[in-house]
Amino acid sequence: MIEFQAVTKRYPDGTVAVDSLDLTVEDGRITVFVGPSGCGKTTSLRMINRMIDPTSGTILLNGKDIRESDPPLLRRGIGYVIQHAGLFPHRTVLDNVATVPLLSGVDKRTARSRAAELMELVGLPSTMAKRYPAQLSGGQQQRVGVARALAADPPVLLMDEPFSAVDPIVRDDLQQQLLRLQSELDKTIVFVTHDIDEAIKLGDRVAVFRVGGRLAQYDSPSALLAKPADDFVSSFVGRDRGYRALGFLTATGIPVGEVATVRAGDAPERAREALVDGWAVVVDEQNRPLGWVSADLLSTMDKSVDTEALVSGGSLFEVDSSAGGTAGSLRNALDAALSSPAAVGIAVDGTGAVVGGVTADTVLSALADARSSGEVPG
Amino acid sequence: MNIDWPWPWLERNLDDIAEATGQHLYLALLPVLVGLVISVPLGWAASRWRLARGILVPLAGVLYTIPSLALITLVPLALGTKIIDPLNVQVPLAIYTIALLVRSVSDALRAVPGDVIAAATAIGYRPVRQFLSVELPLAVPVIIAGLRVAVVSAMSLTAVGALVGIGGLGQLITEGFLRNNGVELVVAIVLIVVIALLIDALLLLAGRVITPWTRAGRGVKA
Ligand SMILES: Nc1ncnc2c1ncn2[C@@H]1O[C@H](COP(=O)(O)OP(=O)(O)OP(=O)(O)O)[C@@H](O)[C@H]1O
Ligand SMILES: [Mg+2]
């Protein structure tokens, strides 16, 4: 647990970067610090490992005042991932990752084999071990940065905008990987970003800072979307927050209706009879959806339902059923309905087989129910 | 001045030539080494504190422009050394080396990316170890470049030392003049140039061997 108690940082030039911050970072969770540029996120983060000392106030790590620790020793127990990875250009990938174990006195062979394990954990092929950082892409460098921070197995991980310099696809990849790693490793992670979407995606708890280093709101992502504390937070959280908030409501128990299905290869006349409101889902042998077919489309097919000519379906929505599967969110359900050419979202079970359909109306009435039962704050 | 077929003279004087060469190397290289060792902490100070940089960098610039002969004749006055003491040449050479390298070292250290330094600190390096294993290695390519210039100029400046009576290949040049011996003169000059080029090439090679990452460009992704 990391506790900020009335922590203030005033730089020598008078800038107040952090203003009497009180905040508790829980163990085994991802806590995100988010806010506009210059609001004191980096300063707050660097006070945790004593790269910056507060002007006043106290920071406790597991109940102990960090001022009592020797900074280099404190830092070896806290992983740090920096914005542009900050890899050592003169060391190979493997030796970059092995740095912290070596510093802590582990022998070279053990440190390197540990480094090789870490490379695998973050999804770097072992063929990259001997490369220098300049020979990696930005995304690969970030992975090395994460591996290096994890090499000594520190309980705490500080990450300062680690994914902000890579393109959106790679960023998404790295974010998924972080969530996967976290589900295995249970670290106490403090993650800094200026991107509210990233904060909501990754954070168990999100601290929104405003310029001047003041904490504006500290809440779960869903509470942040549903109940922003003030105008600053609501404008920072941004547009579509109502829609995005649906992502935090599971669609467990949402009524799934019938959906017309025809099998690929069926005769067009039989398929025509099955259409509901002019549309049907075409499924394969395992009942998995291949796309939609309409009355118009059927009239162009003479022998059988041709899978090449289907209208591609919208997003799928997973439900929990006897065949397994975890219920998606109301956002998934609504998106499935809205993106479907037939205005019916395809619901599938854990095996990917079609179990029914949901309409936007169903989703919205489920939302109304959740509202009235108090699941969604007003 | 006559230049005869050089072999007979060379054969007769091989031992003397070898001795003069050894002396020349000692006179020239020791001060460069000492200069290097002194420039690293000075360059570090200059990279770190604005005040130190404000003093050291201009001072180095001024020292470098003092004519070598002037420095060689001033040193005995300042140090109280005898007129034929090797220090009279070696101290100026060390001063030139420092003048040349302080700025290189300081610039090279300042060019180490802030991210890299922050990462090293965050990882838990203590300052001295961080300097020796992160910042200094990254400055090596620039330091080697400065060192190559320092060595080559030290080789020729040492020859000037013969004018104040210290040994080395410069002595063969002055002797050659006095005795009207063209062979001796040419041999000495050729040796100075060839050895300077050789050491320069060695430094270049050593620099490449100890900095493999500098050639790991973006193009060589495999
Ligand atoms: N060494 C320093 N000296 C003086 N002021 C500083 C120093 N470091 C940061 N500041 C100021 O303190 C404030 C907070 O800086 P900080 O780097 O913590 O912001 P940040 O939230 O991380 O911003 P960004 O999103 O741009 O990284 C800024 O106004 C910044 O200009
Ligand atoms: Mg920052």
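Student: What distance does helix 4 of chain A reach from its first C-alpha to its last?
Tutor: This is a predicted model, where local features need pLDDT of at least 70, side-chain atom pairs count only at pLDDT 80 or more, and totals for chains, interfaces and linings use all residues; side-chain values use heavy atoms, leaving out hydrogens and water. Residues are numbered from 1 along each chain as its sequence is written, while chains are lettered from A and ligands numbered from 1 in the order written. Helix 4 (a DSSP run of H or I, at least four residues, numbered from the N terminus) covers residues 108–121, 14 residues. At 1.5 Å times one less than its number of residues, the expected span is 20 Å, and the helix comes close to it with 20 Å.

Student: Why do the buried residues of helix 4 of chain A lie on the same side?
Tutor: The buried residues (under 20% relative accessible area, 1.4 Å probe, protein chains only) are A:Ala111, A:Ala115, A:Leu118 and A:Met119. They lie on the same side of helix 4 of chain A because the arc they cover around the axis, taken from the directions to the C-beta atoms, is only 100°.

Student: Which residues on the other side of helix 4 of chain A are exposed?
Tutor: Exposed means over 50% relative accessible area. On that other side, the exposed residues are A:Arg109 and A:Glu120.

Student: How much of the area that ligand 1 exposes alone does the protein bury?
Tutor: Oxygen atoms of ligand 1 lie 2.5 Å from a side-chain N or O atom of A:Ser37 and 2.6 Å from a polar side-chain atom of A:Thr42. Taken alone, ligand 1 exposes 630 Å² (Shrake-Rupley method, 1.4 Å probe), and the share buried by the protein is 61%.

Note on methods: A polar contact is a pair of N or O atoms within 3.5 Å; within protein, one must be able to donate a hydrogen and the other to accept it, and residues adjacent in sequence count only if both atoms are side-chain atoms. Helices (H or I, at least four residues) and strands (E, at least two) are DSSP runs, numbered from the N terminus.
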